[in-house]
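Reader: Before I set up any calculations, I would like to go through the contacts between the chains and the pockets with you, one question at a time.

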Amino acid sequence: MLSRNLPTLSILVFLGIWQGLAIFLHSSLLPSPENVAHVFWQHCQSGELPYHLGVTLLRLLVSFTISMLLGCIIGITLGRNEKLNAFFDHWLVIFLNIPALVTVILCYVWFGLTESAAILAVVLNKVPNVVVMLREGTRALDKDLLNMAKCYQFGRIKTLRHIILPQLHPFLMSATRSGLALIWKIILMVELLGRSNGMGYQLHLFFQWFDIASILAYTVAFVGVIQLLEFALLKPLDNLALKWR
Amino acid sequence: MTTVHIQIHEKTHHGTKIPTIENFELTLNAGEFVCLVGQSGCGKTTLLNTIAGLDANYSGAIHVANKTLNPKIGFVFQRPCLLPWRTVRENIELVFVNQKVISKTHIDELLALMQLTAYENAYPKQLSEGMCRRVSIIRAFAINPDLLLMDEPFVSLDAPMAREVSELLQHLWQKRPHTVLFVTHDLREAIALADKLVFLTSRPMRVLKEINVSIARNQRNSKNVENFREQLIQNYPELQPLL
């Protein structure tokens with residue numbers, strides 16, 4: 001009984017503490033949950049929040065797709081090829097360690113304050129992470145199964161689909177999860193620095209007006225969308241692929 | 001069914017000085033069941049991998065069905081090597097190069113012969129070790145291979161289970177004869193299964209002796225196998241270190 005209601009209980013306690021603090025501090029810098037809900041509703045009705053959230057989600061979708069595809073291709077290639085890996089390993093370390101802010105600034109300076117520069121900055125930040133995860137996964141592939149595939153003349157596409165991708169599934173899932181979390185954060189920075197719409201741009205405005213309630217309202221929308229993605233998309237994908245276990 | 005001719009001048013593993021295989025020559029007649037007998041680690045697995053085209057780094061020539069390129073080869077590995085994310089039937093169907101020519105009845109027959117019909121929709125994790133072996137044997141037979149390679153397929157099974165799978169294999173092979181190259185280090189197993197025994201030296205591996213098994217297939221009970229084995233040891237003292 002308790003364990004089933006634990007998530008609800010835990011969230012209620014969180015809201016309780018927030019409410020208590022808001023009442024105790026009685027400051028415009030920490031609005032109460034009720035206040036934030038009200039502001040959230042107003043932003044929704046005006047259509048402002050859905051619009052900016054939509055813009056950000058679209059950017060997320062595009063940059064996420066590009067990064068995952070590129071990361072998978074490079075990661076699997078490096079994992080399968082010792083020599084290439086030995087050479088590009090150093091590049092990977094460099095790209096992994098460039099701060100996100102630097103890539104964003106450089107992309108805007110070199111390519112202008114454009115949409116493609118924004119997407120490129122996000123992709124450049126995310127790809128090295130995907131590469132590292134997929135490379136590890138590819139190295140851990142079962143050699144015997146690969147031999148089996150070769151002996152029975154599976155060919156490239158069939159081997160990828162039936163032998164390699166199922167084994168990479170856990171690595172793909174964790175790259176997806178950490179990727180979503182990372183890209184969210186970088187996209188906001190990209191929008192804050194060089195776009196005139198999206199969540200990051202809005203947050204920047206609210207910051208200048210010290211509109212804490214709006215900032216928190218946008219944050220709630222944000223967390224909500226990510227949770228929705230997790231439950232509506234990632235969990236079912238997980239269950240589908242792990243049926244055989 | 002096809003004649004197979006294997007000739008390997010030299011096969012040396014990367015970073016070693018002594019060749020693993022040297023001056024190896026063997027001919028398999030069509031439909032013949034040949035057992036390779038040799039000590040563990042003498043290079044038998046390397047030989048099978050080379051024949052299967054998994055290792056192209058050797059000097060020599062291998063002709064299967066008068067083809068040097070892409071003969072149809074069925075391989076039963078030491079491990080079952082089934083895809084855990086596919087059911088028994090999907091695992092078998094997957095090895096067909098052309099997915100359109102899969103004959104359902106053919107696979108049904110094979111499943112029935114190996115007593116796995118009830119498990120065709122099970123995943124490998126739900127099966128016993130012995131059943132997984134049987135699936136991997138079906139998989140190898142299913143494509144009607146020009147040559148069937150088996151690399152100690154019973155090695156990790158306990159004795160009763162190994163006997164059971166071995167009997168099913170003989171039964172299957174008699175219904176659907178193929179040219180078979182079977183690797184083992186167990187002489188009794190080899191005598192029970194083979195038309196011809198091929199004894200191998202340790203590294204560098206060569207053919208030491210070829211001996212035909214003269215017992216009729218329906219007479220191969222454990223007593224006859226044991227007698228044959230003892231005679232073998234008496235007649236060929238040079239094989240002693242292998243036995």
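Reader: How many salt bridges are there between chain A and chain B?
Author: The model is a predicted one, and side-chain atom pairs are counted in it only at pLDDT 80 or more. One of the pairs joins R79(B) to D144(A), with the closest N and O atoms 2.7 Å apart, which lies within the 4 Å allowed for a salt bridge. Between chain A and chain B the count of salt bridges is two.

Reader: Which element gives the largest share of the side of chain A that touches chain B?
Author: Beyond the salt bridges, eight residue pairs are in polar contact between chain A and chain B. On the side of chain A that touches chain B, at least two residues each come from α7 and α8 of chain A. The largest share there, six residues, is that of α7(A).

Reader: How much area is buried between chain A and chain B, and what part of it do carbon and sulfur atoms give?
Author: In terms of residues, 17 of chain A are in contact with 26 of chain B. The area buried between the two chains is about 2,000 Å², and the part of it given by carbon and sulfur atoms is 62%.

Reader: Which element supplies the largest share of the lining of the largest pocket?
Author: The largest pocket holds about 990 Å³ of space, and its lining takes in 36 residues, with A149(A), K150(A), Q153(A), G155(A) and G53(B) nearest its centre. At least two lining residues each are supplied by α3 (48-80), α7 (143-151) and α8 (155-194) of chain A, and likewise by α1 (44-51) and β4 (59-64) of chain B. The largest share, eight residues, belongs to α8(A).

Reader: How do the residues of that lining divide into nonpolar, polar and charged?
Author: Among the residues nearest the centre of the largest pocket are A149(A) and K150(A), and by the classes used here Ala counts as nonpolar and Lys as charged. Over the lining of the largest pocket, the division is 23 nonpolar, nine polar and four charged.

Reader: How many charged residues are in the lining of the second largest pocket?
Author: The second largest pocket has about 570 Å³ of space. Of its 22 lining residues, R163(B), S166(B), R188(B), E189(B) and A192(B) are the closest to its centre. The elements of chain B that give two or more residues to this lining are α5 (159-175), α6 (187-193) and α7 (222-235). By class, the lining of the second largest pocket has six nonpolar residues and seven polar ones, and its charged residues number nine.

Key
Residues are numbered from 1 along each chain as its sequence is written. Chains are lettered from A and ligands numbered from 1 in the order in which they are written. This is a predicted model: local features need pLDDT of at least 70, side-chain atom pairs count only at pLDDT 80 or more; totals for chains, interfaces and linings use all residues. Side-chain values use heavy atoms; hydrogens and water are left out. On a 1 Å grid over the protein atoms alone, a cavity is a set of points where a 1.4 Å probe fits but cannot get out, and a pocket is an open set with protein on both sides within 12 Å along at least five of seven lines; lining residues have an atom within 4 Å of a point. Grid points are joined across faces, edges and corners, and a volume is the space filled by probe spheres set on the points. Helices (H or I, at least four residues) and strands (E, at least two) are DSSP runs, numbered from the N terminus. Contact means heavy atoms within 4.5 Å. Buried area is the accessible area (1.4 Å probe) that two parts lose on being put together, summed over both. A salt bridge is a side-chain nitrogen of Lys or Arg within 4 Å of a carboxyl oxygen of Asp or Glu. A polar contact is a pair of N or O atoms within 3.5 Å; within protein, one must be able to donate a hydrogen and the other to accept it, and residues adjacent in sequence count only if both atoms are side-chain atoms.
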